[in-house]
Amino acid sequence: MGFKLDKEGIAAENARRLQWLEEDYEHLGGRLARRAIDIEALTERAMGFRVAVPSWGVGTGGTRFARFPNPGEPRNIFEKLDDCQAILALVRSTPGISLHIPWDRPSNPAELLAFAKERGLHFDSMNSNTFQDQTGQKLSYKFGSLSHTDAAVRRQAVEHNLECLELGAKLGARSHTVWVGDGGNFPGQLHMRKALERYLESMRAIYKDLPPGWKLFVEHKLYEPAFYSTVISDWGTSYYCVRELGERAFSLVDLGHHAPNVNIEMIVARLIQFGKLGGFHFNDSKYGDDDLDSGSIKPFQLFLIFNELVDAELLRLPGFDPAYMLDQSHNVTDPVESLMISATEVCRAYVQAHLVDRARLHEHQEQNDALLALQTLKEAYHTDVEPILAMARHRAGGAIDPVGVFRASGYRQRVAQSRPAGARLGAGIV
Ligand code: LRH
Ligand code: MN
């Protein structure tokens with residue numbers, strides 16, 4: 001039943017789809033050539049595109065109400081990396097894995113590094129966790145962590161982040177992401193200026209020990225778990241902090257961390273202009289921090305964000321090197337399938353943004369021709385680049401149809417056998 005997700009198994013499946021792909025690819029190539037666009041150059045760009053996968057994304061997510069585990073849930077970091085290998089085998093753009101500590105704390109870092117390398121994987125940004133209390137933890141983060149009123153709690157939180165840096169250095173990571181849920185639920189609960197000062201004092205202690213060549217990412221979020229005042233609630237506060245910390249500190253934009261209808265592509269343009277755009281946690285949402293699949297709710301917004309990123313990339317703006325990561329919670333789909341589709345949707349927005357006729361757009365902008373300026377963007381957004389994405393996967397040894405091949409392989413059924421369902425039902429994201 002099924003087949004191994006190796007080159008042979010994937011090639012056999014691709015063989016059944018290749019002729020149609022080549023027809024569609026040639027047709028699109030002809031249409032793009034009319035716009036003086038070389039499809040081969042775009043396919044090269046798609047093959048070079050990379051987006052990191054969150055280790056916490058391959059397990060089934062949940063809400064505060066419930067979590068409904070999938071068959072074959074990964075039970076430890078090694079099984080999570082096996083699932084990440086399956087994703088990489090099929091879409092080829094996701095060799096980077098973002099770890100979360102302590103959820104993924106290995107007893108033997110060297111063993112974990114070797115395990116990842118064997119699977120063509122490497123470790124991307126580290127993530128600390130001072131938004132949950134761990135068993136045996138001395139001081140609680142109930143009322144905050146890096147901004148807590150008690151210096152001992154702040155020290156404990158700083159120590160945890162320093163442990164993440166030390167571990168990440170052993171695993172070959174090159175950046176560290178700090179998101180804290182610190183904040184208040186009621187007016188008056190927090191002194192808002194003092195809380196930010198305490199946070200910055202703690203972050204300076206972390207920044208001081210950043211390994212050479214590393215970047216530190218500050219992730220803002222409007223609300224949740226705090227429901228009145230969040231210490232790092234918006235890009236402005238994040239930008240102020242990374243400016244204060246130093247040249248290796250940058251702002252990370254999680255798409256779900258903004259109020260509805262906020263113009264996120266404009267925040268991206270600002271952070272690019274200020275030289276402080278560190279990277280992204282891509283996902284999508286309709287209401288709050290829903291952590292839904294990237295491009296599933298607002299694909300035009302994702303395109304507009306990449307329109308800003310590609311404009312900067314083409315201009316080779318100094319220091320412009322944002323880190324692309326997914327950060328999603330898969331409550332009702334197979335996490336492997338959702339992550340593959342999401343990696344593809346992010347790459348789609350990237351390739352479409354390369355279709356924008358920037359000379360013509362610039363002209364319309366200078367002429368204040370609002371309609372033709374928007375049409376110039378829409379022309380790129382309405383171009384179906386699926387043949388480019390599929391050809392890029394195929395040429396990189398991946399699957400023309402990742403989900404089709406994943407299902408045909410019987411991978412999920414196989415891991416359901418080898419990974420008996422764990423007792424833990426419960427709620428929450430992991
Ligand atoms: C907070 C967040 C953060 C992670 C967590 C898993 O909402 O986006 O990036 O640490 O999700
Ligand atoms: Mn995030």
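## Two helices and a pocket

The axes of helix 9 (residues 264-273) and helix 10 (residues 299-314) cross at roughly 15° and come within 8 Å. Helix 9 is therefore roughly parallel to helix 10, since angles under 35 degrees count as roughly parallel. The crossing of helix 9 and helix 10 is right-handed. The structure described here is a predicted model.

On the helix 9 side, the residues in contact are Ile-264, Glu-265, Val-268, Ala-269 and Ile-272. They meet Gln-301, Leu-304, Ile-305, Glu-308, Leu-309 and Ala-312 of helix 10. By class, the residues of this contact are eight nonpolar, one polar and two charged.

The second largest pocket holds about 560 Å³ of space. It is lined by 24 residues, of which Asp-124, Asp-321, Pro-322, Ala-323 and Tyr-324 are the closest to its centre. Three elements give two or more residues to the lining of this pocket: strand 3 (122-127), strand 6 (215-219) and strand 10 (323-326). Strand 3 provides the largest share of the lining, with four residues.

The table lists the classes of residues for the helix contact and for the pocket lining.

| Site | Nonpolar | Polar | Charged |
|---|---|---|---|
| Contact of helix 9 with helix 10 | eight residues | one residue | two residues |
| Lining of the second largest pocket | twelve residues | six residues | six residues |

Terms used:
Residues numbered from 1 in each chain as written. Chains lettered and ligands numbered in written order. Predicted model: local features only at pLDDT ≥ 70, side-chain atom pairs only at ≥ 80, totals over all residues. Heavy atoms only, no water. Axes fitted to C-alpha atoms, helices over the stretch in contact; angles between N-to-C directions. Parallel < 35°, antiparallel > 145°, perpendicular 65-115°, else oblique. Left-handed = near helix turned anticlockwise from the far one by under 90°. Contact = heavy atoms within 4.5 Å. Nonpolar A, V, L, I, M, F, W, Y, C, P; charged D, E, K, R; others polar. 1 Å grid on protein atoms, 1.4 Å probe; cavity = no way out; pocket = protein on both sides within 12 Å on 5 of 7 lines; lining within 4 Å. Points joined across faces, edges and corners; volume = space filled by probe spheres on them.
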